[in-house]
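Here are some exercises to work through with the structure open beside you. Try each task yourself before reading its solution.

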Amino acid sequence: MRIITGIYKGRKLESPVGYEVRPTSDKVKEAVFNLLMNDIWDSVCVDLFAGTGNLGLEALSRGAKRCYFCDNSRQSLELVKKNVKKCGAEDKSVILAGDYSRALGRIREQADIFFLDPPYSSGVYEKCLEQAKQDARIQVLQSEKGVSNARNKGIEAAKGTWICF
């Protein structure tokens with residue numbers, strides 16, 4: 001796992017042990033950021049189920065001004081801290097411990113981009129979107145199933161565009 005491009009290009013990130021945390025592959029990450037390339041610069045991002053911090057660090061590397069990394073797993077938070085330090089991104093990073101709802105409630109500035117990648121079958125996509133949609137310009141989801149479920153329940157992006165893959 002590495003940073004693909006930008007100021008942290010080529011930095012290898014710490015990876016998790018086991019299968020509890022499943023980082024986004026470089027191939028998928030590159031596709032997502034190709035879609036977002038015009039929206040990243042000077043944006044405020046939220047990596048809501050941060051895991052390793054892979055997505056948020058890629059955003060910072062490509063010019064985001066700040067990223068909030070949120071997770072409720074101690075193992076994930078330790079990985080995020082190590083990876084933020086490895087990239088030298090401490091001044092642009094805010095690490096929030098706790099569940100997604102509390103973490104979102106602690107962010108006091110307008111966020112532009114939310115990366116939502118909750119654990120499979122957790123059933124929290126809809127709840128996250130409902131809480132986050134008032135602040136997001138673009139919402140990036142990593143599960144077509146999650147998007148379908150949200151759409152079936154009538155949840156729409158308030159100000160944004162769905163990018164699904």
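The exercises below go from the whole chain to single residues.

A word on the ground rules: residues are numbered from 1 along each chain as its sequence is written. This is a predicted model, where local features need pLDDT of at least 70 and side-chain atom pairs count only at pLDDT 80 or more, while totals for chains, interfaces and linings use all residues, and side-chain values use heavy atoms, with hydrogens and water left out.

**Exercise 1. The overall layout**

Task: Work out how many helices and strands the protein has, and in what order they run.

Solution:
- Start by counting: the protein has 6 helices and 6 strands. Both are DSSP runs (helices are H or I with at least four residues, strands are E with at least two), numbered from the N terminus.
- Next, walk along the chain from the N terminus, and the order reads α-β-α-β-α-β-α-β-α-β-α-β.
- Now look at burial: of the 165 residues, 51% are buried. Buried means under 20% relative accessible area, exposed means over 50%, and partly exposed is in between (1.4 Å probe, protein chains only).
- Then take the surface, about 8300 Å², of which carbon and sulfur atoms hold 48%. Such areas come from the Shrake-Rupley method with a 1.4 Å probe, and for residues only the protein chains shown count as cover.
- Finally, of the contacts with a separation of 6 or more, 63% join residues 24 or more positions apart. A contact means heavy atoms within 4.5 Å.

**Exercise 2. The two sides of H3**

Task: Find which residues of helix H3 are buried, and decide how they are arranged around its axis.

Solution:
- Locate the helix: H3 covers residues 74–87, and its 14 residues reach 20 Å from first C-alpha to last, close to the 20 Å expected at 1.5 Å a residue. The expected span is 1.5 Å times one less than the number of residues.
- List the buried residues: Ser76, Leu77, Leu79, Val80, Asn83, Val84 and Cys87.
- Look down the axis: these buried residues fall within an arc of 160°, so they line one face of H3. The arc is taken over the directions from the helix axis to the C-beta atoms.
- Turn to the face away from the buried side, where you meet the exposed residues Arg74 and Lys85.
- See what the buried residues pack against: helix H2 (54–61), strand E2 (66–71) and strand E3 (93–97).
- Check the ends: at the N-terminal end, Ser73 acts as a cap, with a side-chain oxygen 3.3 Å from the backbone nitrogen of Gln75. After H3 comes Gly88, with a positive phi near 70°.

**Exercise 3. Two residues of H3**

Task: Find what Asn83 and Val80 touch beyond their sequence neighbours.

Solution:
- Take Asn83, which is buried at 0% relative accessible area. Leaving out neighbours within four places in sequence, Asn83 contacts Leu13, Glu14, Thr52 and Leu57.
- Move to Val80, also buried at 0%. Not counting residues up to four places away, Val80 touches Ala50, Gly51, Thr52, Gly53, Phe69 and Ile95.

**Exercise 4. The cover over H2**

Task: Establish how many residues of H2 are buried, and what covers them.

Solution:
- Count first: 8 of the 8 residues of H2 are buried.
- Then identify the cover, which includes helix H1 (26–36), strand E1 (44–47), E2, H3, E3 and strand E4 (113–116).
- Just past H2, note Gly63, with a positive phi of about 115°.

**Exercise 5. Aromatic pairs**

Task: Find the aromatic pairs and say which parts of the chain each one joins.

Solution:
- Apply the rule: rings of Phe, Tyr and Trp (its six-membered ring) pair if their centres lie within 6.5 Å, with planes under 30 degrees apart counted as stacked, over 60 as edge-to-face and the rest as tilted. The count is 2.
- Phe33 and Phe115 make a tilted pair, 5.7 Å centre to centre with 40° between the planes. Phe33 lies in H1 and Phe115 in E4, so this pair ties together parts 82 residues apart in sequence. Both Phe33 and Phe115 are buried.
- Phe49 and Tyr100 have ring centres 6.0 Å apart and planes at 40°, so this pair is tilted. Phe49 sits in the loop between E1 and H2 and Tyr100 in helix H4 (residues 100–106), so the pair ties together parts 51 residues apart in sequence.

Methods: Polar contact = N/O pair within 3.5 Å; in protein donor to acceptor, adjacent residues only side chain to side chain.
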